[in-house]
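Student: Could you walk me through the charged pairs and the overall build of a protein model?

Tutor: Gladly; let us have it in front of us.

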Amino acid sequence: THTFPDKLNYEIIALGASTGGPSALEAIITSLPENINVPVVIAQHMPSRFLETFAVRLNEHSLLPVRLAKRGEMLSEGNIYIAPGEGNMRIELNALHGKPAVTFTDKTFQEFNNPSIDCLFESIARTYGEKSMGVILTGMGKDGTIGLSAIKKSGGLTLAQDECSSVVFGMPKSAVDANAVDQVLPLKDIPAFIISHL
C-alpha cells in the first residue's frame, strides 16, 4: 500500500470525461488505493439514468465507495462522488460547517450542461485553490477547458489524457491548446501519477 503524507499537496481529485469516459474512469477509479485520504469528484457526460447504473457498477469494482452526489452532502475523504445528470454540480464551502459540500447551480454553461465539467472544475478551483487536482479525460468538444484553466490559475495541478489512449481527443486537446494542462499522460499512467503527487 502507498503511504500518504500527513500534509497533502492536494485535497481533492476532480475528473471530467465525456465520450469514452466510463471505461477511462473505471481504469482510474479501480486503481486507487483504499487508504487514499482525499475525496474524488467526477463529472461524466451521460443521461441521469445511465449515471445511476454507472455509479453502481463502479462501486462494485472499486476499493472506495462510489455514489451519485446528493445536494448538501459534505465531501469526505476516500469517497467518490459522481455528479448526477439532472444538474450542474458545484463544490462550495458550507456556510454552517465551513466544510466542502455539494451544491447545484441553475447557471447554464456554454459547452455542456447537466453535468458541466467547467462548472464542477471552476468551483473546485474556487474552493480548494492550489490544493486542487483536475484531470480531463477522453471526450468530444471543449467542456472542461475553462474549468481546468481555473484550477491551473489557482495553483492546482492539471492533467490530461493523451491522444493515443483517448477514444476522442477533443476535450484533452482543447485544454492542452489553451495551456491549461501541466502534464499529458497515457491513461495507464494517470492513477500512479495522481497517487504519487498527493
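The dialogue below turns to salt bridges and then to the overall fold.

Tutor: Before we start, note that this is a predicted model, where local features need pLDDT of at least 70 and side-chain atom pairs count only at pLDDT 80 or more, while totals for chains, interfaces and linings use all residues. Residues are numbered from 1 along each chain as its sequence is written, and side-chain values use heavy atoms, with hydrogens and water left out.

Student: How many salt bridges does a search of the whole structure find?

Tutor: Side chains of opposite charge can pair when their charged atoms come close. Here the search finds 6 salt bridges (a side-chain nitrogen of Lys or Arg within 4 Å of a carboxyl oxygen of Asp or Glu). In one of them, arginine 67 pairs with glutamate 73, with 2.8 Å between the closest N and O atoms.

Student: Is glutamate 73 buried or exposed?

Tutor: Glutamate 73 is buried, at 16% relative accessible area, whereas its partner arginine 67 is partly exposed at 27%. Buried means under 20% relative accessible area, exposed over 50%, and partly exposed in between (1.4 Å probe, protein chains only).

Student: Which helix holds both aspartate 177 and lysine 173?

Tutor: Both lie in helix H5, residues 170-177, and are 4 residues apart, about one turn of the helix. Their side chains form a salt bridge at 2.7 Å, N to O. Lysine 173 is partly exposed, with 41% relative accessible area.

Student: What are the closest N and O atoms' distance and the exposure for lysine 188 and aspartate 189?

Tutor: This salt bridge has its closest N and O atoms 3.4 Å apart. Lysine 188 is exposed at 67%, and aspartate 189 is partly exposed at 32%.

Student: How many helices and strands are there in the protein?

Tutor: The protein has 6 helices and 9 strands; these are DSSP runs numbered from the N terminus (helices H or I, at least four residues; strands E, at least two).

Student: What radius of gyration does the protein have?

Tutor: The protein has 15 Å, which agrees with the value near 16 Å for a compact globule of 198 residues. The radius is taken over C-alpha atoms, and the globule rule is 2.2 Å times the number of residues to the power 0.38. The C-alpha trace spans about 40 × 40 × 35 Å along its principal axes, and 55% of the 198 residues count as buried.
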